[in-house]
Amino acid sequence: MLISHRKKFIFTKTVKTAGTSIESYFEKYCMPDGDWHELHARDEYISETGIIGHRGSREDDSIWYNHMSAEKIRDLLGRETWDSYFKFTVVRNPFDKLISGFFMFENRKENYNSIRRFRAFVKKTLDRGGAIDRISGNTEVERFRCWIRKGGKIIDRDKYLIDGEYCINYFIRFENLHKGVRDVCNDLSIPFEPSRIPEFKKGIRHHNVKIQDYYDNETEQIVRNLYALEIEKFGYDLLR
């Protein structure tokens, strides 16, 4: 998450939406001129010019961190400042977002230590606990569908809803990222420099299977029910 007192904006960071790339692009405006340099992970930064939430392991005591809810940011910052600043975030088609999230979770499993591997084995045997540890299947499509059926999901609408109401001025769409960044730059009267938008975390997901082929009728309906709010608000759908 970002707060710029220089440019009077707030960025709330959703999950699996190129949020780190957007943070990296705009965080220079949260620092004094000349202080910024590109980092993937970053410690919590607080100054008179702005705030950058801790980006990395959450095993720390940071007050400000990357995936904070909009409500928590508002309450820490103060309603007067929150109301007066321009607020933006990134949204993504939930059918696509879930596939990306699944690959992220599977990639993390490959780095489990021996204790976590044993715990995952127990969870799968007992069919209890997190969905990613209980999945089965011989192909990535089979494992993905199993993950969805066992409750796999990424719900982060607390980044753009407070008390059930939308609290964001502008939604960048993941599928049209450069246009969205350009629009925000125009609103904030800052230069649009597309070459500065980095591509962090690229390469984790395979792209040899079409999005629609990951879903069968059952898993498609699960996602439609789970993300009915986003599908209606942003007009997303599963392409056939």
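These notes go through the nonpolar cores, one helix packing and several salt bridges of a predicted model.

1. The largest nonpolar core has 23 residues, and those touching the most other members are Phe 9, Ile 22, Phe 26, Phe 88, Ile 172, Val 181 and Val 184. At least two residues each are supplied by strand S2 (9-11), helix H1 (19-26), strand S5 (86-91), strand S8 (170-173) and helix H7 (177-188), with H7 giving the largest share, five residues. Another core, of 22 residues, lies apart from it and includes Val 141, Val 223, Ile 231 and Leu 238.

2. Phe 9, setting aside neighbours within four places in sequence, is in contact with residues including Phe 26, Tyr 29, Phe 86, Phe 88 and Leu 188.

3. Helix H4 (residues 94-109) packs against helix H6 (residues 140-149) at an angle of about 100°, the axes being 11 Å apart, and H4 is therefore roughly perpendicular to H6. By class, eight nonpolar, no polar and three charged residues make up this contact; among them are Phe 102 and Glu 106 in H4, and Arg 143 and Trp 147 in H6.

4. Of the salt bridges, 19 in the structure, one joins Asp 158 to Lys 159, with the closest N and O atoms 2.7 Å apart. Asp 158 counts as partly exposed at 34% relative accessibility, whereas Lys 159, at 5%, counts as buried.

5. Arg 224 and Asp 237 meet through their side chains in a salt bridge (2.6 Å, N to O), which links distant parts of the chain, with Arg 224 in helix H8 (residues 217-226) and Asp 237 in the segment after helix H9 (228-234). Separately, Lys 13, Glu 23, Glu 27, Arg 42 and Arg 55 are joined into one network by salt bridges that share partners.

Note on methods
Residues numbered from 1 in each chain as written. Predicted model: local features only at pLDDT ≥ 70, side-chain atom pairs only at ≥ 80, totals over all residues. Heavy atoms only, no water. Core = buried A, V, L, I, M, F, W, Y, C linked by side-chain atoms within 4.5 Å. Buried < 20%, exposed > 50% of the residue type's maximum accessible area, 1.4 Å probe, protein only. Helix = DSSP H or I, 4+ residues; strand = E, 2+ residues; numbered from the N terminus. Contact = heavy atoms within 4.5 Å. Axes fitted to C-alpha atoms, helices over the stretch in contact; angles between N-to-C directions. Parallel < 35°, antiparallel > 145°, perpendicular 65-115°, else oblique. Nonpolar A, V, L, I, M, F, W, Y, C, P; charged D, E, K, R; others polar. Salt bridge = Lys/Arg side-chain N within 4 Å of Asp/Glu carboxyl O.
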